[in-house]
Amino acid sequence: MNYLMGIDNGGTFSKASIFDENGNQIAVASVPTETITPKPGYTERDMDELWEVNARAVREAIEKSGINPSDIQGVSFSGHGKGLYLVGEDGRPAYNGIISTDMRAWEYIEKWSEDGTKEKVYEKTFQEILACQPVALLAWLRDHEPQVLEKTKYIFSVKDYIRYKLTGEAFAEYTDFTGGNLVNMNTKEYDRELLALYGLEEIYDKLPPLMYSADVCGCITREVSEKTLLPAGIPAAAGMFDVDACGIASGLSDESQMCMIAGTWSINEYIAREPIVNGTVALNSMFCIPGYYLIEESSPTSAGNMEWFIRNLMGYEKAEAKAEGGSVYDITNEWVASVDPKESNVIFLPFLNGSNEDPLAKGTFIGLTGYHNKRHMLRAVYEGIVFSHLTHVNKLLRNREKPRSIRLSGGAANSDVWVQIFADVLQIPVDVIEDKELGAQGAAIAAGIAAGIYSDYQDGINKTVKITKTVYPRIEYKEIYEEKYRTYRSVIEALAPAWKCFRN
């Protein structure tokens with residue numbers, strides 16, 4: 001049996017998963033990475049620690065699998081988009097890695113919007129500019145830490161950095177770099193005029209060669225083999241933005257489908273032969289399947305908000321569940337199911353890690369009274385996260401027909417009650433994908449193409465993707481949720497003038 005490894009680096013964990021060629025997950029190792037927050041709005045990580053965490057996860061996964069490491073035929077990568085990972089002339093990190101939830105560069109977005117840069121960039125990249133994208137972060141470093149850029153040799157995404165550490169070869173990759181506003185989408189190349197719009201002409205020579213997701217970008221070195229147990233000499237495919245990886249692992253391969261990922265980020269996506277350039281969609285990038293564009297609406301407004309609620313407001317319940325051999329998620333699902341949506345009009349804005357409304361918007365509960373308790377608040381968290389997804393989906397549906405179903409993955413897909421809320425709010429059937437590490441699975445499909453195990457992405461999807469169930473919307477909840485969503489939108493609009501009070 002042939003095996004493939006996918007390595008996935010999100011905002012809080014590094015994961016290594018081994019799959020057989022039929023897509024069965026044989027073993028997974030997940031190791032947390034420490035987030036450094038030197039100031040409000042800053043989210044960083046130590047890149048040396050990140051490499052050690054990845055090497056540890058890879059070795060643990062191989063040891064847990066019980067397979068002969070020599071049967072691993074290839075490896076590839078997925079990782080959070082946006083953010084920034086810089087390597088210096090000496091091969092060492094030039095700065096801490098910056099995660100996709102970092103908002104330090106928000107002022108540049110305002111400036112570029114006011115001075116016309118935003119429109120000029122859009123003509124070349126078909127994207128709005130986000131505070132967490134590499135271009136905004138590089139502009140911030142230019143003005144606040146210029147010595148960092150002076151010593152930088154390579155500009156990477158997170159997955160590019162890990163691949164560099166495994167192979168010693170420096171490459172960039174289209175899904176991440178087109179999603180980071182670094183590539184002219186008309187020419188599919190770097191563009192000095194584009195960089196000049198940001199005032200970043202000097203970084204041109206620091207951008208590594210661009211590769212497609214299944215292209216071979218070097219091989220595992222002997223030194224890395226000794227450290228990780230990966231066989232020396234096996235190919236390392238370029239990999240992809242984790243949104244693409246989860247899409248591929250959900251079977252996203254034609255224009256009829258739509259996918260949602262409910263993790264730290266609210267990801268909502270479909271693919272098309274042409275980008276959407278009418279201004280109704282925030283992000284167009286190249287998809288991992290050549291010839292397709294990823295049409296994406298996303299924000300850090302999804303299930304990460306629930307993790308905050310558990311961490312800060314459910315410490316006792318979490319400890320109790322652990323002592324009894326259960327899970328705190330059993331409690332959260334029971335609590336939410338116990339509150340009928342008609343019984344509570346508490347609204348939660350899921351903006352603890354960022355917003356899809358205003359760069360300065362913050363998370364908040366509205367409508368609390370002495371009657372309400374943590375169950376009502378948690379119900380509002382579940383619903384508010386779904387409403388944020390709905391805001392994105394509504395924008396996508398301006399440009400296409402409603403799909404027959406939407407494929408859902410991420411943490412929320414493991415909760416039956418939450419999946420039902422998604423179906424009831426969207427009034428679209430929701431397909432739940434088999435529970436496994438989908439980011440790593442999508443990466444493993446790319447590794448399989450690079451290693452010659454799959455002929456193309458469709459072949460990999462046909463052999464590996466499994467839908468476990470479909471949850472159908474209940475028509476009797478349609479008006480209830482439409483009214484609640486109108487209230488959610490009203491709260492956002494009413495608070496819009498207040499966000500500037502929270503600059504610091």
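Below, a reader and an author discuss how the terms used for this predicted model are justified.

Reader: What makes the protein chain as compact as a globular protein of its length?

Author: Start with the inventory. The secondary structure of the protein chain comes to 18 helices and 22 strands. The radius of gyration is 22 Å, and the globule rule gives 23 Å for 504 residues. Those two values are close, so the chain is as compact as a globular protein of that length. Along the principal axes, the C-alpha trace spans about 65 × 55 × 45 Å.

Reader: How much of the protein chain is buried, and what area does the chain expose?

Author: Buried residues account for 61% of the 504. A residue counts as buried under 20% relative accessible area. The chain exposes about 19,500 Å², of which carbon and sulfur atoms supply 48%.

Reader: Which share of contacts joins residues at least 24 apart?

Author: The share is 71%, taken among contacts between residues at least 6 apart in sequence. A contact here needs heavy atoms within 4.5 Å.

Reader: Why is helix H6 called largely enclosed?

Author: Count its residues. Helix H6 covers residues 158–167, and 9 of its 10 residues are buried, so the rest of the structure largely encloses it. The buried set includes charged names too: Lys159, Asp160 and Arg163 are among them. Tyr161, Ile162 and Leu166 are also in the set. After H6 comes Gly168, with a positive phi near 75°.

Reader: Why is Glu52 called partly exposed?

Author: Its relative accessible area is 41%. Buried means under 20% and exposed means over 50%, so a value in between is partly exposed. Glu52 therefore falls in the middle class. The residue sits in helix H1, residues 47–65. Glu52 and Ile26 lie 26 residues apart in sequence, with 22 Å between their C-alpha atoms.

Reader: What class does Glu128 fall into, and what does Glu128 touch?

Author: Glu128 is partly exposed as well, at 28% relative accessible area. Glu128 belongs to the loop between helix H3 (117–125) and helix H4 (134–144). Leaving out residues up to four places away in sequence, Glu128 touches Lys118, Tyr122, Gln133, Asn181, Ala282 and Leu283. Ile109 is 19 residues from Glu128 along the chain, and their C-alpha atoms are separated by 9.2 Å.

Reader: Where does Glu128 stand in the second largest pocket?

Author: That pocket holds about 810 Å³ of space. It is lined by 37 residues, and Glu128 is one of those closest to its centre, along with Leu130, Ser355, Glu357 and Pro359.

Reader: What makes H2 stand out in the lining of the second largest pocket?

Author: H2 gives the most, with 4 residues. Helix H2 (106–114), strand E17 (293–299) and helix H14 (374–396) each supply at least two. By class, the lining has 15 nonpolar, 13 polar and 9 charged residues.

Reader: How many cavities of 30 Å³ or more does a search of the whole structure find?

Author: The search finds 1. The largest cavity has about 60 Å³ of space. Strand E8 (152–156) and helix H7 (174–178) are the elements that give two or more residues to its lining.

Reader: What separates a cavity from a pocket?

Author: In a cavity, a 1.4 Å probe fits but cannot get out, whereas a pocket is open.

Reader: Which residues line the largest cavity, and of what classes?

Author: Lys82, Phe156, Asp176 and Phe177 are among them. The lining divides into 6 nonpolar, 3 polar and 2 charged residues.

Key
Residues numbered from 1 in each chain as written. Predicted model: local features only at pLDDT ≥ 70, side-chain atom pairs only at ≥ 80, totals over all residues. Heavy atoms only, no water. 1 Å grid on protein atoms, 1.4 Å probe; cavity = no way out; pocket = protein on both sides within 12 Å on 5 of 7 lines; lining within 4 Å. Points joined across faces, edges and corners; volume = space filled by probe spheres on them. Rg over C-alpha atoms; globule rule 2.2 N^0.38 Å. Buried < 20%, exposed > 50% of the residue type's maximum accessible area, 1.4 Å probe, protein only. Areas by Shrake-Rupley, 256 points an atom, 1.4 Å probe, with all protein chains shown as cover.
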